[in-house]
Amino acid sequence: MKTILIAEDEKFIRKGLVTMVQRSPIPAETILEARDGEEALELLRQNEVDLLITDIRMPKMDGIELVSQLGDQDHQPMVLVISGYDDFSYAVEMLRNGAFDYLLKPVEREKLFAVLKKLEAQYRQKQARREERSQQLVRALRHLMLEQDADSPEWREQADRCREGFFPGPYVGFCAGGCDAPLPEAVLRLHAVGALHLYAAPEEGANALAALLPVPLGRSGVHTGPDSLPLCYQEARAAWQRSFFTGEPFDAPAPEAFQPLSVTVEQLMGLAGLSRGQEALQLLRGEGERAARGEASPEAVSALCAQFAQRLGRDYGQFMAEGGEPRRFAALWEFPSWAQYLDELGRWLDGFCGRTAQEFADYENKQKIRQAAQYIQQHFREPLSMTVVSNHVSMNYSLFSLLFKQYTGVNFSGYLQELRIGEAKRLLEETDWRVNEICRRSGFSDDKHFLKVFKAAVGFSPTEYRRAKAPAREEP
């Protein structure tokens, strides 16, 4: 038990009871004293008392009247009656009205200890039931907060069941990570996703709660009732995402029309593949700055980071040392802040680009890429793939892709296409073969694809190119 109140008008007896309780095997954080019933009732109104030990005969208000008024208290204490022999009949009546037990004066220490042990067991059972009800309420509220179908009868029914244990008035929600500081009792803490929580408190206590929570910190608008939990969470989470990029607490933003991102995952991969990791990082930093200003969607920036990390892991996973995979950078919101995300990603990219640059500098690998280029030049007219070429020079597929681009300046498909387009141009200039024949002899397997690729690369269709180069020559 945390708090015990002893109401006894005789000081000597009262102090004796205090001493015995202090020396009992039952832990009590606070022992309050009252000289009469009125003083005891005032202390009960001001404090959450777990056990009331009261005499029957007291001035101003006796124990019988005091116990009869306990029904008005939000927190009902257990009651132990202390009575003289002459008041025994009153003690029995108080037992009928809810008192736990009684002790006759003079109080014997062993009997008091025995009763306190029983009361402590009852207190712990009551606390366990209260804790279970509290956990059930928290689980139900979390389900309400995260459930998408807020219009379903089941959701409405659950919201109604939670109403009694919820805030009676306006409340405010905050999204933040874990908080080590002790939280006020009125605060409701609901785990959201990952390390993120929703902390809700009555409106009047919102500022005090905000001072305890870590940044990034997002604050919702003012809401009432458990029905508003989903909206409260959405507002607080959107504000938390803005705070993630700004580094400052942020209030729920008004609905915004975000602009598309200006950076693609292909751009980031291209820079990383060329060992220009810091340039890729600068592009990401710019998108984060746009999200901080409200120009770009935080969720879109998160998705770009996830795609970049996943592509790095997929394309270069076999090339990376054990434990060096970038998969953790796919979960942006798991990091404490945008600044820390960029810092850790930057260090990882430095290591990654250093390894790839070192591999490219290796003479043996250079030789293999030269052999691959020669092989492609000799066989580009045949069906050819990067798998075939990398196997021909006995090199890991992902490493080959990376080093080939570093060596030639273009990726494999671009290099192969340039050779085939060059051959097609030569044949158009030097022969009278039909376009579909030139398509096949240049290494293209599909006429339509050839026409599309040729015009995109040269600016003319094959027929137009032939006429431009040899005006007198007509297509057979």
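These exercises work through a sheet, its packing, an aromatic cluster and a core in one predicted model.

Residues are numbered from 1 along each chain as its sequence is written. The model is predicted, so local features need pLDDT of at least 70, side-chain atom pairs count only at pLDDT 80 or more, totals for chains, interfaces and linings use all residues, and side-chain values use heavy atoms, with hydrogens and water left out.

**Exercise 1. Lay out the five-stranded open sheet and find its edge strands.**

Step 1. Set the terms. Helices (H or I, at least four residues) and strands (E, at least two) are DSSP runs, numbered from the N terminus. Two strands pair if DSSP finds at least two bridges between them.

Step 2. Write the order. It is β7-β8-β6-β9-β10, with mixed pairing.

Step 3. Pick the edges. β7 (188-191) and β10 (250-251) each pair on one side only.

Step 4. Check the β7 end. β7 and β8 pair in the antiparallel sense over four bridges. Leu188 has Ala200 in β8 as its bridge partner. The two strands form a hairpin with five residues between them, and Gly194 in the turn has a positive phi of about 60 degrees.

Step 5. Check the β10 end. β9 (residues 218-223) and β10 pair in the parallel sense over two bridges. Gly218 is bridged to Phe250 in β10.

**Exercise 2. Determine which helices pack on the sheet, taking α8 and α5 in turn.**

Step 1. Set the geometry. Contact means heavy atoms within 4.5 Å. Axes are lines fitted to C-alpha atoms, for helices over the stretch in contact, and angles run from 0 to 180 degrees between N-to-C directions.

Step 2. Take α5 (residues 109-146). This helix lies across β7 and β8 (197-202), at about 60 degrees to β7.

Step 3. Take α8. It packs on the sheet and touches β6 (171-176), β7, β8, β9 and β10. Its direction makes about 155 degrees with that of β9.

Step 4. Split the faces of β7. Leu188 and Leu190 are on the covered face; Arg189 and His191 are on the uncovered one.

**Exercise 3. Is Arg242 buried or exposed, and what is it in contact with?**

Step 1. Place the residue. Arg242 lies in helix α8 (residues 229-246).

Step 2. Apply the cut-offs. Buried means under 20% relative accessible area, exposed over 50%, partly exposed in between (1.4 Å probe, protein chains only). Arg242 has 7% relative accessibility, so it counts as buried.

Step 3. List contacts beyond four places in sequence. They include Phe250, Glu256, Arg293 and Pro298.

**Exercise 4. Classify the ring pair Trp338 and Tyr341, then place both residues in the core.**

Step 1. Set the rule. Rings of Phe, Tyr and Trp (its six-membered ring) pair if their centres lie within 6.5 Å; planes under 30 degrees apart count as stacked, over 60 as edge-to-face and the rest as tilted. The count comes to 22 aromatic pairs.

Step 2. Classify. Trp338 and Tyr341 are stacked, at 5.6 Å centre to centre and 10 degrees between the planes.

Step 3. Explain the spacing. The two are three residues apart in helix α12 (residues 338-361), so about one helical turn separates them.

Step 4. Check burial. Trp338, at 5% relative accessibility, counts as buried. So does Tyr341, at 1%.

Step 5. Place them in the core. A nonpolar core is a set of buried Ala, Val, Leu, Ile, Met, Phe, Trp, Tyr and Cys residues joined through side-chain atoms within 4.5 Å. The largest has 55 residues, and Trp338 and Tyr341 are among those with the most contacts inside it. α12 gives the largest share of this core, eight residues.
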